[in-house]
Structures are given as structure tokens and as C-alpha cells.
Amino acid sequence: LNEKNYSTSYDVTVPFKFLHKSELKLGALHQWRDRWFSARTFLYSSDPNNQMSSLSDKSLQQKSPGELFVNENFKPDGTGLFLRETTLPRDKYQANATLVAPFFMFENSITSNFRVIWGGRAEKYTQRIASTNDKGKIDTTISVTDYLPSANLIYSIAEMANVRFGYSRTVSRPEFREFMPFVFYDPNLNAEIVGNDRLVRAKIDNFDLKYEIFPVPGQFFSINPFYKKFENPIENTNVGGTGIRRFSYQNAKSAVIYGVELEARTSLSVLDSLLKTKRFSSFTLFSNVTLIRSKVDLSKTDDNSVVKERPLQGQSPYVFNAGVTYSNPDSKLDLTFAVNRIGRRIAFVDVEKFFLIWENPRTVLDFSVSKGIGKYLQAKMTIGDLLAQKLVFYQDRNDNGKYDSNDIVPFGFTRGYSI
């Protein structure tokens, strides 16, 4: 893999008077990305006449990997195991992309406690890919221009409370690896991953309303209802395969996500005031809970027996985060414990049979510590996923909304903690 990325941006701000203080910001962003990728693939075989992996020696077929890959099975006369290269023309590609994005933004103070920030952005995205698929060489250039408006209305109810309303349109473009016909093997999933050169970008309209309050210094609470409308969302899909499972990417017709986010952060210094101590001011508690519902429109299918909507792939019905931090400026010591849990979500969609592969919920506990050393140095250590719970993917055969012994487990593995 050889990839180069360049970007530059520039802007100018012009203040002016409209009712109260206002300003206009003009600018642009330029990005260039160039990638050259090449892979070589190999397989073990004991049959010189078979271009695919083949263990014609029945005695080798019964061996475990530890017993199979020993020196005795690699014989110089060619009767044992040998390594064959199976690299194909599709195992390499070239791709480049450019993005030109001019923008403007107004910030208007309508009254002393009401502000409006609004503007727009035009993004011209041009992508070229060159590779080979099953039908031959491909060399394609795609150029798309999107106009992306945004607006934020901010009203200060009181000195310690705000109400915000926001709208924006954004896009989500497929990555090179999602778009290219290149096939690679994922050992964690025991599956092949292949790109889809028919993918198109997803467009998202975002609406949210946020109420936030700061009762005292060190405390923050907010509630944030939101709604997102997707056109052509990109999803991970199970596309079958002969002999080995194969996953790819595909655009759904449309989807919506809506829900509410609750967030809180508070310093424990209030306990010092109550208990007349100085022990708790360095501690801060934080928590975030998001309740979400998502729906994908499946009405384009002609099969009336198939359910016409389901959750969006990768979207959990809830996300929970909480933790505690300790920060001591005098000793330059910072500690953080954080816990995270997400609800079960669709990991892969079966585009033909409409079988869903679900990812089972799991709880992740992380710990980090950092210590300042002198004026300019800092040492930091992070230990992630302390609980190391199993990551399980399953097909919910009895459709009871949870993983149990009756479900099919196509793959699963345990993640250990990381340092």
C-alpha cells in the first residue's frame, strides 16, 4: 500500500453590523488523495495439478494446524505440502480522489440572547479507479457535486441555560476498499471481503434540538432529541460465496434514525463543601445515554412475504457511556475509568435471503493513566477492554431478540485486553 494525502484550506472573516454584532466567513478546502495498492496471495497444497487449495493426501487432512505445518510435511520431492502463489490481476488497484469545497458562513446576533449561524458548502468530489474485475479491466472516473446547507439557532434562556436547534446536510462516501473489486481474507471473520463498484454516496439530513444547562461551575446536563434521514445508506452485506463466506457492501434505498441523547457531567467538589474536606474536587463523574430507533426502507423488493423494514445495519438501539476521572494539576497525574455498552446490532445483511447476522451486546471497560514529567514530557498508558468479553455474531433463529443456544453462530471470537 502506498498512499499520499494532501490538504489545504483558507478562509477570511469580515465583521459587519446587522442589528447586533455579525460576521461573514468565506473560505475553501482542497484535498487530494492518491493510492496504489497491490497484494500477493498464496495457499498451501499437496496436489500439483490443482490450482486451488487441496490436500490430496488423506493423512494430512486429519491433522490440526499445529500438526500440519511441521518440517516433515514439506518434502523436497514434492509429495508433501508446498506453497503456491494465486495472485490475480484484480489483487491490485490504483485510485485517486480530489475534493474542492468552497463555503460561506454567517453569524448573526439577532438580540443579546439569540444567535443564528447559517451557511452552505459546495463539495465537488472526483474519483478515478483503475483495476480489474471478473469481466476485465476497469478504468472509471466519477464526479459529483453536492450542496450542503446548515443552520444553527441558539437561544440563551438564562445565563446558565441554552436551547439549540440545528440542521445540516452531510454526505458519506464509500472508501476506496469498499468501492474496489479487490477481494481480501479476514481471519477474524473467516470470510472474504470484496468491494462493490456500484456503490454511491449516502446523503444525510440531520435535525437536532438540544437543551443544555450549567447549574454551577463543573456541572453540565443536556437533553438532545435528534432525527436523521438517509438516502442510499451503505451497509455491510453477506453475499454468499462458494466454500467460504463472502461479505461486501451495498446501498439500501433509504433509512431514518431518531432518538434522544442524555448527557451529564459533574465535579464532586460539591462533596467537599458539604463535608468540609478537600478530597473530592479532583474527581469528575460523566455519563451519556443515547436511545435510538432506526428503520431501513426495504420496499424495493418484490417479495411481499419479506418484512419491508428493519434496523439499519451497524446501528444499536442504545449506547451507554459512564466513567470517573481524577485530575491533579499539582502532581500532573490524570486517571480515567470508563465503561461502554451498546445494544445488539445488525453486523451483516443477507442481500438474497434476508437473513440477518447480529452482533451480541458486550461491555467494554477501559483504564488510562497519564503523568506529566517536567515541563515538556508526559507518560501515558491505556489498558483497553479489561473485561475481554466474547464478541459473538449469530443468526436469531427463533427471533426472540437475544442470543441463546438455539441460534446459529457463523463466527465469534474473544478479544483480550490491550495495553
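Reader: Before we get to β7 and β8, when do two strands count as a pair?

Author: Two strands are taken to pair if DSSP finds at least two bridges between them. In this predicted model, β7 and β8 meet that condition, because pairing asks for at least two bridges and eight bridges join β7 to β8, which run antiparallel.

Reader: Which residues can I look at to see that pairing, and what links the two strands?

Author: Ala151 is a good place to look, since its bridge partner in β8 is Tyr167. The link from β7 to β8 is a hairpin that passes through two residues.

Reader: And on the other side of the sequence, how many bridges join β6 to β7?

Author: Strand β6, residues 114–133, and strand β7, residues 136–158, are joined by 20 bridges and run antiparallel. One of the positions to inspect is Phe114, whose bridge partner in β7 is Tyr155. A hairpin through two residues connects β6 to β7.

Reader: Let's turn to Ala161. Where does it sit, and is it buried or exposed?

Author: Ala161 belongs to strand β8, which covers residues 161–172. Ala161 counts as buried because its relative accessible area is 5%, and the cut-off for buried is under 20%.

Reader: What is Ala161 in contact with, once the neighbours within four places in sequence are left aside?

Author: With those neighbours left aside, Ala161 is in contact with Tyr155, Ser156, Tyr211, Glu212 and Ile213. Of these, Tyr155 has already come up as the β7 bridge partner of Phe114.

Reader: How far is Ala161 from Leu391?

Author: Their C-alpha atoms are separated by 41 Å, and the two residues lie 230 residues apart along the chain.

Reader: Switching to the whole chain, what is the secondary structure, and what is the radius of gyration?

Author: The secondary structure of the protein chain comes to four helices and 25 strands. The radius of gyration is 27 Å, whereas a compact globule of 419 residues would have one near 22 Å. Taken along the principal axes, the C-alpha atoms fill a box of roughly 85 × 55 × 55 Å.

Reader: How much of the chain is buried, and what does the exposed area consist of?

Author: Of the 419 residues, 35% count as buried. The chain exposes about 25200 Å², with carbon and sulfur atoms supplying 55% of that area.

Reader: What about contacts between residues 24 or more positions apart?

Author: Such residues account for 60% of the contacts in the protein chain with a separation of 6 or more.

Technical notes
Residues numbered from 1 in each chain as written. Predicted model: local features only at pLDDT ≥ 70, side-chain atom pairs only at ≥ 80, totals over all residues. Heavy atoms only, no water. Buried < 20%, exposed > 50% of the residue type's maximum accessible area, 1.4 Å probe, protein only. Contact = heavy atoms within 4.5 Å. Rg over C-alpha atoms; globule rule 2.2 N^0.38 Å. Areas by Shrake-Rupley, 256 points an atom, 1.4 Å probe, with all protein chains shown as cover.
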